[in-house]
Amino acid sequence: MTPGMLGNLGLGMAVLFSVAGLMAAITAWIARDARYVWVARRAALVAFLGTLTAFGALEWALLTDDFSILYTARNHTSASPTWVKFATLWAALEGSILLWAMLQTFYTWLAGRKMRDYWTSPVALGTLFVIQLFFLVNVLFVINPFTPVPNPPADGPGPNPLLQNHWMMAVHPILMYLGFVGLSVPFAYAVAAMVTRRYQTWVAETKWWLIFAWGFLTAAIFAGGWWSYEVLGWGGYWAWDPVENASFIPWLLATAFVHTAMVQERRGLFRSWNFALVTLAFAATVFGTFLTRSGVIESVHAFAGGPVGPIFLGFLLVILAVGFALLGRVSSEVRDVGTVNLWSREGLLLLGALVFVVMAFVVILGTLFPLLVEAFNGAKVSVGAPFFNQLFVPLGYAMLVLMALGPLLPWRKADPETLRVVVWMTIALVLGTGAGLALGWTLWVSLTVGLFLFNLVALAWLIWNPIARRSRALGSVRAGMSAAGWSRRRYGGYLVHLAVALAALAIAFSQSYRLDVQKTLEIGESWQVAGRTITVHALRAVEEPHRYSVIADVEVSGLGTLHPRLNYYRTSRTPFASPAVAYTLGKDYYLVLQAFDQQNSQWVTLRLVVTPLVLWLWVSAILMIIGTAMILWPSGRRAARPSAAGEVTA
Amino acid sequence: MKTKYLVGFLIIVGAIAYLAWGGLGNSLVYYVLPSEYAENPAKYANKRIRLGGLVKEGTIQYDPKTLELKFVVTDGVVDIPVEHEGTPPELFKDNQGVVVEGRFDGDVFKGENLLIKHAETYQAPPEGGYTPEEVRKLIEEAK
């Protein structure tokens with residue numbers, strides 16, 4: 001048995017049992033017999049074991065340096081360190097789609113464990129089987145990583161150096177796929193809901209999956225930003241590159257859906273909207289792959305093309321067609337229970353969701369616009385960051401206002417008590433903005449500071465008010481605190497909101513006050529810049545099995561010695577700069593070794609980027625993950641679940 | 001009730017569309033070849049553009065002390081002098097396809113961002129240099 005044979009065996013098994021599972025689901029639906037659902041669930045488990053086998057087989061080939069299959073021959077080198085070998089599985093297209101297929105079968109099986117009836121379960125399970133078959137058929141027949149190579153090379157070229165330059169690249173894709181795949185479950189339930197005409201409960205049933213997927217998408221986007229910051233050497237974390245946008249669009253749509261799903265669960269509103277939104281969010285995960293793999297969009301990441309682009313485009317159209325055709329069929333009978341008062345929690349949740357949908361639309365427009373222009377008049381254009389910033393700044397402010405007010409207002413109708421808090425919040429907003437302007441910050445930055453405080457006051461009141469009310473009744477703060485209880489889900493939501501406000505602050509400062517300078521320094525020479533003294537002490541070379549590095553030892557006064565380096569990989573003609581960053585609570589000092597004296601090692605050219613508050617962006621990411629985990633953590637009291645669920649205000 | 005929301009929704013969509021199209025018009029960056037520029041320089045005055053072409057042989061002047069980089073971008077028909085501050089990328093050399101993002105300052109193009117177009121298969125230029133058609137093809141391929 002070779003890894004190639006085992007891999008194909010696993011994939012073949014997965015395809016067969018997915019087809020069998022789909023047949024069983026269809027039979028269950030036609031015969032109205034729950035026993036076939038049981039069969040389908042078993043098939044889902046075997047399909048998952050099949051993809052797991054294929055995954056293991058590819059890891060086997062990578063870790064044992066077996067170059068007899070296409071994937072290793074093209075993307076692997078025996079010189080890689082072990083962790084790079086392991087992560088090489090998702091460093092290129094074929095392996096990434098295999099990973100995606102593996103996670104999809106895993107989720108199908110997991111989601112299937114809750115499916116027992118003969119009415120909605122067959123449709124939901126059948127939808128998941130169709131989705132996983134799409135990926136499996138692609139991996140097995142179109143981009144099979146296990147395709148035998150007639151004359152196996154002794155060694156391969158290795159993965160893209162940019163990907164092995166930082167450990168985060170081993171983690172980021174997994175987070176991303178865990179998020180992408182997670183959205184398939186709410187979509188499948190939505191399809192089942194529309195087919196079986198049960199329009200209300202699917203949202204509550206898939207809430208856990210939705211928030212789970214949202215958490216991973218969030219983590220993945222921040223991880224990607226941090227990777228970009230640590231590796232790409234331009235001192236930024238976000239460039240509105242198509243590949244970044246591809247991950248941002250599903251996140252924006254999922255965020256919108258998280259909020260309106262809450263309204264549907266609690267009040268039975270926005271049902272049609274939620275069907276549309278979950279279809280768009282799931283379609284966006286496929287759209288992202290189409291965008292980055294089809295070669296239609298120019299990107300610095302420049303992934304290889306191949307037949308995958310059109311295939312994913314087709315799948316994207318099928319998802320949209322199925323989702324909207326079903327919605328069109330039932331839309332006349334999907335009715336909301338009651339109407340919306342805009343000045344209420346559900347009203348603001350809807351507005352907030354609209355802001356996110358508009359943001360998604362802006363990103364799609366900006367990403368595709370170059371294509372449209374070229375199609376119409378042949379001119380080659382690119383849409384720069386100014387376009388996105390111009391629109392995201394006002395949209396971001398709208399978001400900051402709505403996210404502070406939304407959790408404050410009660411359902412159905414605002415009460416006078418909350419208006420008092422809004423007065424305090426407005427005072428904080430005015431004071432914050434005024435203080436910012438007095439300190440000489442730009443209007444936009446000052447406004448962000450004001451809105452940060454606006455949110456802070458709202459959150460403080462939200463946390464304090466229930467305690468204060470009970471304290472008054474019970475006569476002591478201590479008694480009030482224990483009586484107010486600890487609603488983990490609600491505080492998880494607040495924590496996510498706090499983190500988003502913090503991220504907005506970090507983004508405003510880091511985008512507005514950035515110093516980016518270059519200078520050539522002799523070895524031993526000092527450079528006074530940005531209130532620091534930068535001294536180059538030495539330039540040295542280090543030889544590693546898979547690369548050769550030139551490292552500068554640069555002392556930044558008060559922050560120690562940094563080691564920016566240039567890595568030369570065997571397979572690449574260009575060196576890859578590996579920046580060195582001194583993280584501080586205030587400003588980051590980011591050093592890039594741009595060039596060095598290749599004859600005599602007398603001088604180096606350094607690039608210094610000083611950016612304020614970037615560290616807080618990563619802090620906010622961690623807070624968002626903690627907040628999401630608090631929401632997801634199963635509550636001990638099972639009976640209390642339905643009521644607690646409605647109070648999640650993320 | 002429903003019409004009220006529809007009207008509100010249309011207003012929001014309209015405002016966004018207006019912002020988007022207005023915003024797009026101002027923040028589009030055109031990709032221009034030297035000869036396209038020469039046909040109509042006034043069109044690109046004071047606009048941020050991406051100038052594409054090949055680095056003309058023997059025109060690179062770089063001083064690592066001052067970080068001043070001067071070279072000429074050509075598409076085989078029209079030559080345009082470029083000034084850029086900063087270290088040239090490693091692959092920057094004669095006959096390399098480049099894209100310079102920046103603005104025209106008189107006849108000189110002031111680059112703010114210098115990108116190398118990766119054509120992994122580098123070929124030495126033929127005797128006597130490239131013909132304009134070949135240059136255009138190289139630029140297209142390198143994109």
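Read from the N terminus, the elements of chain B follow the order α-β-α-β-β-β-β-β-β-α. That gives chain B three helices and seven strands. Keep in mind as you explore that this is a predicted model. In chain B, 29% of the 143 residues are buried. Take the contacts in chain B between residues at least 6 apart in sequence: 53% of them join residues at least 24 apart.

How confident is the predictor here? The mean pLDDT of chain B is 78, and 71% of the residues score at least 70. Over residues 119–124 of chain B the pLDDT stays under 50, and the model has three contacts beyond four places in sequence for this stretch. Where pLDDT is low, the predicted coordinates should not be read in detail. For chain A the mean pLDDT is 90, with 95% of its residues at 70 or more. Chain A also has stretches to treat with care: pLDDT stays under 50 over residues 299–303, for which the model has 11 contacts beyond four places in sequence. Residues 638–650 of chain A are likewise below 50, and this stretch has 26 contacts in the model beyond near neighbours in sequence. The scores for the model are ipTM 0.75 and pTM 0.91.

Now turn to the layout of chain A. Its domain 1 covers 1–159, domain 2 is made of 407–513 + 619–646, and domain 3 covers 515–614. Taken over C-alpha atoms, the centres of domain 1 and domain 2 of chain A are 43 Å apart.

A helix gives you a nice chance to check the geometry yourself. Helix α12 of chain A (residues 242–267) has 26 residues, so at 1.5 Å a residue it should span 38 Å; the end C-alpha atoms are 37 Å apart, which agrees. This helix is mostly covered, with 24 of its 26 residues buried. Just after α12(A) comes A:G268, whose phi is positive, near 70 degrees.

Try the check again on α14(A), which has 23 residues: from first C-alpha to last it reaches 33 Å, close to the 33 Å expected at 1.5 Å a residue. Which residues of α14(A) are buried? They are A:V308, A:F312, A:L316, A:I319 and A:G323. These buried residues pack against α5 (93–112) and α13 (271–293) of chain A.

Follow chain A into the loop between α14 (308–330) and α15, and you meet A:W343. Is A:W343 buried or exposed? A:W343 has 11 C-beta neighbours inside 10 Å, so it counts as exposed. A:W343 and A:E555 are 212 residues apart in sequence, and their C-alpha atoms are 56 Å apart in space.

The next stop is a hairpin. Strand β3 (residues 526–529) and strand β4 (residues 532–543) of chain A run antiparallel and are joined by four bridges. Across the pair, A:Q528 stands opposite A:T533 in β4(A). Two residues lie between the strands of this hairpin, and A:A530 is in the turn. Most residues other than glycine have a negative phi. A:A530, which is not a glycine, has a positive phi near 50 degrees. A:A530 counts as partly exposed because it has 14 C-beta neighbours inside 10 Å.

Chain B offers another example of a positive phi: B:L67, at about 65 degrees, is not a glycine either. B:L67 is found in the loop between β3 (61–63) and β4 (68–74) of chain B. With 20 C-beta neighbours inside 10 Å, B:L67 counts as buried.

Finally, look at where the chains meet. The contact takes 25 residues from chain A and 20 residues from chain B. On the chain A side, the elements that each supply at least two residues are α15 (345–377), β1 (380–383), α16 (385–405), β2 (515–522), β10 (587–596) and β11 (603–612). The largest share, five residues, comes from α15(A). By class, this side of chain A has 14 nonpolar, nine polar and two charged residues. Strands pair across the two chains as well: β1(A) and strand β1 (residues 28–32) of chain B run in the antiparallel sense over four bridges. To see one of these pairings, find A:S382, whose bridge partner in β1(B) is B:V29.

Terms used:
Residues are numbered from 1 along each chain as its sequence is written. Chains are lettered from A and ligands numbered from 1 in the order in which they are written. This is a predicted model: local features need pLDDT of at least 70, side-chain atom pairs count only at pLDDT 80 or more; totals for chains, interfaces and linings use all residues. Domain bounds come from an automatic or database domain assignment. The expected span of a helix is 1.5 Å times one less than its number of residues. A residue is buried if 20 or more other C-beta atoms lie within 10 Å of its own, exposed if 12 or fewer, and partly exposed in between; C-beta atoms are placed from the backbone. Two residues are in contact if their C-beta atoms, placed from the backbone, lie within 7 Å. Ala, Val, Leu, Ile, Met, Phe, Trp, Tyr, Cys and Pro count as nonpolar, Asp, Glu, Lys and Arg as charged, and the others, Gly among them, as polar. Two strands pair if DSSP finds at least two bridges between them. pLDDT is the predictor's confidence in each residue, from 0 to 100.
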